[in-house]
Amino acid sequence: MAKPKILYVSEEVYPYLPKTHISEIGRYLPQYVQEHKKEIRVFLPRFGNINERRNQLHEVIRLSGMNLIINDMDHPLIIKVASIQLARMQVYFIDNEDYFHRKFVFRDANGKFFDDNDDRAIFYARGILETVKKLRWAPDIVHVHGWFGSLVPMYLKKILNDNPLFNEAKIVISLYGDDFEETLPDKFVNNLEIEGLKKEDLGHYKEKNFVGLMKSAIDYGDAIIMGDENVNPELVEYAEASGKPILEYKSPEEYLEAYNKFYDELLGDKEEE
């Protein structure tokens, strides 16, 4: 029997980014899952504060070279890869000079939320899925960590829903306390329509904020994990009302085994369908 395949959509992975609750999960969960007879692919934005030389990133020429059009402009998609040797684990990086070469993640040196974070999130989601298509790798589970990858479920359910690589995948959303208070620009909704999302499917995206993004991710997801002790109460209520399987918050000592078991339960449900 083939190993189950888990695709990780991350916004932080240690040691490439500083040690945080999300980045530690991004680092240790894929390793644990891989050691428990699953195949993994891990994706991360190549933010400008990631040291390429120290972390030995290198470009994967066969996966790079595509242009993604956002706001009527071509943006080259560059794919890089690095290895965490102790974990025997590769990480794929989505890179682009316009979006990811600044020396910060989501805010500038003065704490200002980048005006193009919406475009960056679109590029990241599309970049991951275009790369997975090139790899011809069909995930059984797609696990999204953090708001920056939260558009991936929408692409899978509404824009790539007829692609045989993806249409059997179960989507897991981890909710964290990574809220931002800013409102995304009006062009965000327009760009989603250009991407192929129908007006009637815009749903909570029209709110153009963190809660709207994550409510839409819940809408398009199949299961939810409470990744933090303190998740936005509005999202907790929305997730509970969705009727979808929910894994409650697990401590650092518990989550690895609990998440892996949750995957197995979801894959069991899939096999019964």
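The following exchange asks how particular descriptions of this predicted model are justified.

Author: This is a predicted model, in which local features need pLDDT of at least 70 and side-chain atom pairs count only at pLDDT 80 or more, while totals for chains, interfaces and linings use all residues. Residues are numbered from 1 along each chain as its sequence is written, and side-chain values use heavy atoms, with hydrogens and water left out.

Reader: Why is N191 called buried?
Author: Buried means under 20% relative accessible area, exposed means over 50%, and partly exposed lies in between (1.4 Å probe, protein chains only). N191 has a relative accessible area of 6%, so this residue counts as buried. N191 lies in helix α6, where helices (H or I, at least four residues) and strands (E, at least two) are DSSP runs numbered from the N terminus.

Reader: How do you know which residues N191 touches?
Author: Contact means heavy atoms within 4.5 Å, and, not counting residues up to four places away in sequence, N191 touches I70, N71, D119 and I122.

Reader: What puts the buried residues of α6 on the same side?
Author: In α6 (residues 187–195), the buried residues are F188, V189, N191, L192 and E195. They cover an arc of only 160° around the axis, and therefore lie on the same side of α6; the arc is that of the directions from the helix axis to the C-beta atoms. The buried residues of α6 pack against β4 (66–70), α4 (117–135), α5 (152–159) and α7 (210–220).

Reader: What makes K187 and D118 a salt bridge?
Author: A salt bridge is a side-chain nitrogen of Lys or Arg within 4 Å of a carboxyl oxygen of Asp or Glu, and the closest N and O atoms of K187 and D118 are 2.9 Å apart, so the pair meets the definition. The pair links distant parts of the chain, with K187 in helix α6 and D118 in helix α4, 69 residues apart. K187 is partly exposed at a relative accessible area of 28%, whereas D118 is buried at 1%.

Reader: Why is K215 called buried, and why is its salt-bridge partner E234 called partly exposed?
Author: K215 counts as buried because its relative accessibility is 10%, while E234, with a relative accessible area of 39%, is partly exposed. The closest N and O atoms of E234 and K215 are 2.8 Å apart.

Reader: How do you know that D116 and R102 fall into separate accessibility classes?
Author: At 18% relative accessibility D116 counts as buried, and at 21% R102 counts as partly exposed. The side chains of D116 and R102 meet in a salt bridge with an N to O distance of 2.9 Å.

Reader: What makes strand β8 largely enclosed?
Author: In β8 (residues 170–175), 6 of the 6 residues are buried, so the strand is largely enclosed by the rest of the structure. K170, V172 and S174 point one way from β8, while I171, I173 and L175 point the other way.

Reader: Why are β7 and β8 called paired, and what makes the crossover between them right-handed?
Author: Two strands pair if DSSP finds at least two bridges between them, and β7 (residues 141–145) and β8 are joined in the parallel sense over 5 bridges, so they qualify. The chain crosses from β7 through α5 to β8 in a right-handed β-α-β crossover, a term that applies if, with the strands pointing away from the viewer, the path from the first strand over the helix to the second runs clockwise.
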